[in-house]
Amino acid sequence: MKLKYIIAGNWKLNKGPAEAKAFSGELSKRLAKTSLKNTDIIIAPPFVSLPALMANGFSIGAQDVYWEDKGAFTGEVSAAMLKELGVEYCIVGHSERRQFFNETDRTVNLKVSALLKKNIRPIICIGERLEDRKAGVMYNVARFQLAAALFDVEIKDPVDIAVAYEPVWAIGTGNVATPQQAEDMHEVIRQSLEKHFGIDTGSRIRILYGGSVNEENIEGLIDKDQINGALIGGVSLDLDKFLSIINHIEKRER
Ligand code: PGA
């Protein structure tokens, strides 16, 4: 089944409000000339740059959220606050948050539930470390992370969530997974989604690949049936390269 692709830019700790404003103005201008049919585009900047994005032709995403609505939680931002800003998507469980900020499978699950309650679409990141792959347990790791993230989670529509397969060894390293490695994992994820949500919904949830995606390797990845888009870090900071990825995807025969 051909699903609408997602191309999401994860800016991480890059681009403050002024740079975000300039980038998004230019992105909107250039997207206006293209009339996209096959692709949903998302930009996820740092929190402080969210209001500066002039989303015209693309959606706004956050990189994290806290699961309580309000209260004494210094430094946190709630789903209700993101909603007020017009945020439509939120990355959850990125491996950098798991590695550097004590994100656990349990907190990923709490965040997914909190976002869905406010009608924000979680992009759930899962993926194995190099040692897991070397030990041959990568599918088990991904299945477990996904099951934990989806504990007690129900959705109304398949577009309500997306899953991003991001092998930790591929993030920011230049070591992209081969299209076949990614496809094999996406098939495992697809099976888990169909088991959790039923075939009808599970077969239509978009599964993105992330980890050293660029304007050259996108073509091989997107050729695969179960790869429904990409979560892009470093290369999403470069407008020309980001647009070139979008153009590759848009011009594909469907
Ligand atoms: P990268 O990051 O494209 O820079 O490897 C991907 C991600 O972390 O989402």
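## Leu27 and the main nonpolar core

Setting aside its neighbours within four places in sequence, Leu27 makes contact with Ile43, Phe58, Leu239, Phe242 and Leu243. The model in which these contacts are found is a predicted one. Leu27 is also, together with Ile189, Leu193 and Tyr209, among the residues with the most contacts inside the largest nonpolar core, which has 63 residues. Helix α10, formed by residues 239-250, supplies the largest share of this core, namely six residues.

Apart from this core lies another one, of 12 residues, whose members include Ala44, Ile91, Ile123 and Ala162.

## Helix α1

Helix α1 comprises the 16 residues 17-32 and reaches 22 Å from its first C-alpha to its last, close to the 22 Å expected at 1.5 Å a residue. Its buried residues are Ala20, Phe23, Ser24, Leu27, Ser28 and Leu31. Because these residues cover an arc of only 135° around the axis, they are placed on the same side of α1.

The other side of α1 carries the exposed residues Ala18, Ala22, Lys29 and Ala32. The buried residues of α1, for their part, pack against strand β2 (39-44) and against helix α10.

## The barrel and its strand pairs

Eight strands close into a barrel in the order β1-β2-β3-β4-β5-β6-β7-β8, with parallel pairing, and the twist from one strand to the next averages 25°. Strand β1, residues 5-10, pairs with β2 in the parallel sense over six bridges, and in this pair Asn10 stands opposite Ala44 of β2.

Strand β5, residues 121-126, is mostly covered, five of its six residues being buried. Four bridges join β5 to strand β4 (residues 89-92), and the two run parallel; here Ile91 stands opposite Ile123 of β5. Four bridges also join β5 to strand β6 (residues 162-165), again with the strands running parallel, and Ile124 has Val163 in β6 as its bridge partner.

## Ala162 in strand β6

Ala162 lies in strand β6 and belongs to the core of 12 residues. Its relative accessible area is 3%, which is why Ala162 counts as buried, the cut-off being under 20%.

Not counting residues up to four places away in sequence, Ala162 touches Ile6, Pro122, Ile123, Ile124, Ile205 and Arg206. Among these contacts, Ile123 is also a member of the core of 12 residues. Gln181 follows 19 residues apart from Ala162 along the chain, and the C-alpha atoms of the two are separated by 19 Å.

## Helix α6

Helix α6, residues 138-149, has 12 residues that should span 16 Å at 1.5 Å a residue, and its end C-alpha atoms are 17 Å apart, which agrees with that expectation. The buried residues of α6 are Met138, Val141, Ala142, Gln145, Leu146, Ala148 and Ala149. They cover an arc of only 165° around the axis, and therefore they are put on the same side of α6.

The packing partners of these buried residues comprise both strands and helices: the strands are β5 and β6, and the helices are α3 (95-100), α4 (105-117), α5 (130-134) and α7 (179-197). Helix α6 thereby packs, through its buried residues, against β5 and β6, the two strands joined by four bridges.

Note on methods
Residues are numbered from 1 along each chain as its sequence is written. This is a predicted model: local features need pLDDT of at least 70, side-chain atom pairs count only at pLDDT 80 or more; totals for chains, interfaces and linings use all residues. Side-chain values use heavy atoms; hydrogens and water are left out. A nonpolar core is a set of buried Ala, Val, Leu, Ile, Met, Phe, Trp, Tyr and Cys residues joined through side-chain atoms within 4.5 Å. Buried means under 20% relative accessible area, exposed over 50%, partly exposed in between (1.4 Å probe, protein chains only). Contact means heavy atoms within 4.5 Å. The expected span of a helix is 1.5 Å times one less than its number of residues. The arc is that of the directions from the helix axis to the C-beta atoms. Two strands pair if DSSP finds at least two bridges between them. Axes are lines fitted to C-alpha atoms, for helices over the stretch in contact, and angles run from 0 to 180 degrees between N-to-C directions.
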